[in-house]
Structures are given as structure tokens and as C-alpha cells.
Number of protein chains: 2
Amino acid sequence: MSSKAPIGVFDSGVGGLTVVKEIMHQIPGETIIYFGDTARLPYGSKSKETVTTYTRQIVRFLMAKDVKAIVIACNTASAFALETVKAEFDVPIIGVVKPGAAVAADTTKNGMIGVIGTEGTIRSGIYNEFLSLTNPQVKVYGKACPLFVPLVEEGLIDDPITMEMARRYIGELIEYDIDTLVLGCTHYPLLRKTIRKIVGDQIALVNPAYETAKSLKQVLVEHALENDEVLKSDHKFFVSDGAEKFKRFANSILPCEVVETKDVNIENY
Amino acid sequence: MSSKAPIGVFDSGVGGLTVVKEIMHQIPGETIIYFGDTARLPYGSKSKETVTTYTRQIVRFLMAKDVKAIVIACNTASAFALETVKAEFDVPIIGVVKPGAAVAADTTKNGMIGVIGTEGTIRSGIYNEFLSLTNPQVKVYGKACPLFVPLVEEGLIDDPITMEMARRYIGELIEYDIDTLVLGCTHYPLLRKTIRKIVGDQIALVNPAYETAKSLKQVLVEHALENDEVLKSDHKFFVSDGAEKFKRFANSILPCEVVETKDVNIENY
């Protein structure tokens, strides 16, 4: 595998772009092949079996693009399918949950950690599992926020309705006296301002995207796959539906211009 | 084809159950095979090509169950794919749009009609098309309400947040002096109370589900496929994901008990 090969990154939709943004900042020499499964989103309300099938198809698609490593930039898919695809494919694959859990365990002072995510991520208990491994003393309070993804995909990022939903979802976590809150869905960093208004200044917000990019860098070094030349970036973006809408969104999030987004029939992989 | 054969009904999720309920009331002798594409919902934000592919797979699945007629109980799929699958399959297939448009044209007195639906349904302009055919004088005002489906699927049916979204979505239609409002998505009749509070008593609400069941009855008579014996009902419910969650919802909507819901791998059809 060449160190010049691209990195595959995927999510159910636009959320994974928050991870892409961190990768572009932290390891600017790398080229990204992104896939957003917009035809089948949201993943968060779907079963483990379904999300695993989807993840397997997307990994096959990215492998066909000769990627040197894959980032599952979706908490639900990381929770449900990471171990399965790691065992099935011969390429380094990382998820967003483990890096996020590690930084949360480092951040908390009182050991009380809140996690917000999709129904699937929260029900899986995976943050709890990783946090307990790091520090058996921490107490983890999870809360599913199923409307956050549709609200972000609708662009209601700074809106009284989103604020009211955030108040309901996060209000009960604050009562548990948490000092750290994990944004356990890659869409949620886009709601950071709203969430900050609800939690105030005393609660640390953990964005797994940042830590995932750091973790990716480490994995590339370990496998001697780091590309240390800064090349002319040739990032590519694919979606399973609505390429134009995705492109507009991507251009509002990413530091580089997304010139073209292509539709892919992902069920064929 | 035997008149004892069942009727296939499908939607992206639970919304089509509002149509099933009407069929059970109006033609109680018929047996229903229902499919909810819960793994791939929502349809409303997806492209015509994607929704057509999904519709074709579901029609194949229902044909394999030997149905005598099919109801596309989803406005988006009716708008995008009805004509295509009607041409491809040898079974009577009806959608919800034409019956809904017919009753709206009959209902309006001032010729000003509002239509609410998903992004796909509204963008397709299909209600406009059918309404203009019936009466070229009517003026149609469409408004996409993309958050209504996630709000219904989350059970926020009678909630201040849904009320606020309804006020935003429907407020501008009221200003156009409409006297008739088409609930152009099969999920929306579940929000009827909230919508009624916004529009007041002077605007008629049209629920295409009622008219679709009437239209189905007619089609069965025309094809001599009506089952006039009332049999022990043996309705069957299939979904592409989350059978248990679907069953709970179905039992809260339908007049009969849904005992079992089965998961189907719809991508194989």
C-alpha cells in the first residue's frame, strides 16, 4: 500500500464532514475520499444488522478506490459495525467512539460524564464500555437525541426550536452534575453554540472529531503510511443521493472548495 | 388472479397505516399485506431515481406475496414512481395523490388550495398538475414540511415544538387565503389536531387516505376483484427494520391487533 493513497472517510450524511475538517487541519498532506450515505440516512434509528450491512457495502466501495486507511466518521456505525469490518477487511479501520471516549476520560474531574448521540449509539452502551475500560470509576449518563440529525440536515442550526429540543434532551444530564459532555454523533459539533448555551461554561464539551484525526495520524505513522509531502489536494466526495445539496452543505463546512460531488449506487457494493 | 388474494400497501414507514385504517373501515373484507421501508426512510428528501428504485423493489416483494392490487400509500413514491411501476407490472396499482387531488378540487369554494408534503412531493409539482387537470382555475400553493415525518416518527404528535413548526410551515399558506389544505403526506393525518389548531375552522383539511380507500374499492370492482365475503382477517405487516417499534406504533393506530411484524431484506428484491 502506498503512502500516497487516499484515506476513506464515511458517514450517513454530512455529519462526517466535521471529522474531515479536523483531518484537513491536522494532517493536511492527506487526500480524502468521502462517502455520505444520504439515500439511507439516518442510521441512528436503525438496527445493528442494517447498519452493519450498510457499513460493509461502503467499506467495499472505499476499498475499490484503493484507500490506505478508513475512518468510520459516524458514531452509530462505529458502535455497531467497527469490530465486524475490522475483522473482515485488510486495511486499518478506525471509528470515532474510542478516541472520543479517551478524551472524555481525560477531561472529567468529578467522574460524571454525559453522552449524547443517536438512539443506536446510546442503546449500544458503547461509550459506557470504553469509558469504563479507561476508568472503572466514571459514571456515564447517556441520552438519545433523535431529532438533532434531522434538525441539522434541515439547516436549523441556530434556531429556537433546536434550542428547545436541546433544553429537553440535555436538561436531565445537567441534573446529574456532569462536568463533561461527549458530542457522540458527528452532526452535533454543528450544534455546538446551541449546546453551549444550554450547558453553560462549567461543562466541557468533547468533540470526538478532533481526537479521531489525532488517532488517525498515529495509525498512519504505525503502519508507515503517513504522507509527509503536501500534495495538491485532490479530495473526492461521493454520496448515495442528492449530490448538489450535499455539495452546498460541504462548502459551508470545509476549508477547501468542493467542486464536484458524485452520486453512487451503493447497494451494488 | 383470485378475489381472495390480499392487497399490498406500502409506505416509507408508519404513515401508510393511515391509509390501511381507511381500507379496513371501508372494505373490511379485504386482507392487507403491508410493507414499511423503515430502514430507508425518509423518502421525502430523496431523489426521484432513488425513490423509484425503492418502489420497484417493494412492488416486486408484494408481487411475490401474490397480491391482487397495490396501493402506494406514500405521496413521495406516488409522485415519483407510480407511472413507472404501473407500466412495468401487471397488477392494478394506485397512488394517493390523484384521489387526494380529486377531493381537494371538489372541496374548495374559492379555488385557493394549499398542499403540504415532503420536499420531494412538493418539488414534483404533482398536486398542481392533477388539480389543474380537474379544474384549470384553481390556484395551488405548496409548502414542504421536512420535519413533520421525523416529529411523527418520534411520537411528538401533540407537542409545543410540533405546534411551532406547524405554525411556521402553514402560516404562509393561510396568508394566501386558502380555503382547503391537502395533507399531502400519509404521516400528516396523525398531526391533524395540531394542524387544525393552526388553520382554525374555516379551512377544510383533505386527507387523501379516505379518498384512496374509496378509489381502491372502485378499482377492485372494475377488475372484478372485490372480496365480498368478510373473512377472518389475516393481515400481515413487514418492515425493512425495527419490527418491534413498528408493531407498537401500528397497534396505537389500527383498529385491529397487530400480532406480528417481520423484518425483510428489501434490497434483495
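Biologist: Let me get one term down before we start: two residues are in contact if their C-beta atoms, placed from the backbone, lie within 7 Å. With that settled, what do the buried residues of helix 1 of chain B pack against?

Modeller: Happy to help, and keep in mind that this is a predicted model. The partners are strand 1 (7–11), strand 2 (32–36), strand 3 (69–72), helix 10 (208–222) and helix 11 (243–253), each of chain B.

Biologist: And which residues of helix 1 are the buried ones?

Modeller: Helix 1 of chain B covers residues 17–26, and its buried residues are Leu17(B), Thr18(B), Val19(B), Val20(B), Glu22(B) and Ile23(B).

Biologist: You mentioned some strands. How many of them form the open sheet, and in what order?

Modeller: In chain B, six strands line up as 4-3-1-2-9-10, and their pairing is parallel. Strand 4 (93–95) and strand 10 (261–263) of chain B are at the edges with a single partner strand each, so each has one side without a neighbour in the sheet. From neighbour to neighbour, the strands of this sheet are turned by 20° on average, ignoring direction.

Biologist: Can we zoom in on strand 1 and strand 3 of chain B? Over how many bridges do they pair?

Modeller: Four bridges, in the parallel sense. As an example to find on screen, Ile7(B) has Ala69(B) in strand 3 of chain B as its bridge partner.

Biologist: Which strands does helix 2 of chain B touch?

Modeller: Helix 2 of chain B, residues 48–63, packs on the sheet and touches strand 1, strand 2 and strand 3 of chain B. The direction of helix 2 makes about 150° with that of strand 2 of chain B. Helix 10 of chain B packs on the sheet too, touching strand 3 and strand 4 of chain B, with its direction at about 160° to that of strand 3 of chain B.

Biologist: Now the four strands. What order do they take in their sheet?

Modeller: In chain B the order is 6-5-7-8, forming an open sheet with parallel pairing. Strand 6 and strand 8 (204–206) of chain B are the edge strands, each pairing on one side only. The average twist from one strand to the next is 25°.

Biologist: What joins strand 5 and strand 6 of chain B?

Modeller: They pair in the parallel sense over six bridges. You can spot Ile113(B) opposite Val140(B) in strand 6 of chain B. Helix 6 of chain B packs on this sheet, touching strand 5, strand 6 and strand 7 of chain B, and its direction makes about 165° with that of strand 6 of chain B. Helix 8 of chain B (residues 160–175) packs on the sheet as well, touching strand 5, strand 6 and strand 7 of chain B at about 165° to strand 6 of chain B.

Biologist: Back to helix 6 of chain B. Which of its residues are buried?

Modeller: They are Ile126(B), Tyr127(B) and Leu131(B), from a helix that spans residues 126–134. Looking down the axis of helix 6 of chain B, these buried residues fall within an arc of 125°, so they line one face of the helix. What covers them includes helix 3 (75–88), helix 4 (97–107) and helix 5 (119–124) of chain B.

Biologist: Over to chain A. Is Pro6(A) buried or exposed?

Modeller: Pro6(A) counts as buried, because it has 21 C-beta neighbours inside 10 Å, and 20 or more is enough for that. Pro6(A) sits in the segment before strand 1 (7–11) of chain A. Beyond its neighbours within four places in sequence, Pro6(A) is in contact with Thr31(A), Ile32(A), Ile33(A), Lys65(A) and Val67(A).

Biologist: Last topic! What rotation superposes chain A on chain B?

Modeller: A rotation of 180° with 0.0 Å of shift along its axis, giving an RMSD of 0.0 Å. That is how a two-fold axis relates copies. The C-alpha nearest the axis in chain A belongs to Arg40(A), 2.4 Å from it.

Biologist: How many residues of chain A are in contact with chain B?

Modeller: 15 residues of chain A are in contact with 15 residues of chain B. Helix 8 (residues 160–175) of chain A gives the largest share of chain A's side, three residues. That side has six nonpolar, three polar and six charged residues. Also, 100% of the interface residues of chain A are interface residues in chain B, so the copies meet through the same surface.

Note on methods
Residues are numbered from 1 along each chain as its sequence is written. Chains are lettered from A and ligands numbered from 1 in the order in which they are written. This is a predicted model: local features need pLDDT of at least 70, side-chain atom pairs count only at pLDDT 80 or more; totals for chains, interfaces and linings use all residues. A residue is buried if 20 or more other C-beta atoms lie within 10 Å of its own, exposed if 12 or fewer, and partly exposed in between; C-beta atoms are placed from the backbone. Helices (H or I, at least four residues) and strands (E, at least two) are DSSP runs, numbered from the N terminus. The arc is that of the directions from the helix axis to the C-beta atoms. Copies are superposed by least squares on the C-alpha atoms of residues with pLDDT of at least 70 in both. Ala, Val, Leu, Ile, Met, Phe, Trp, Tyr, Cys and Pro count as nonpolar, Asp, Glu, Lys and Arg as charged, and the others, Gly among them, as polar. Two strands pair if DSSP finds at least two bridges between them. Axes are lines fitted to C-alpha atoms, for helices over the stretch in contact, and angles run from 0 to 180 degrees between N-to-C directions.
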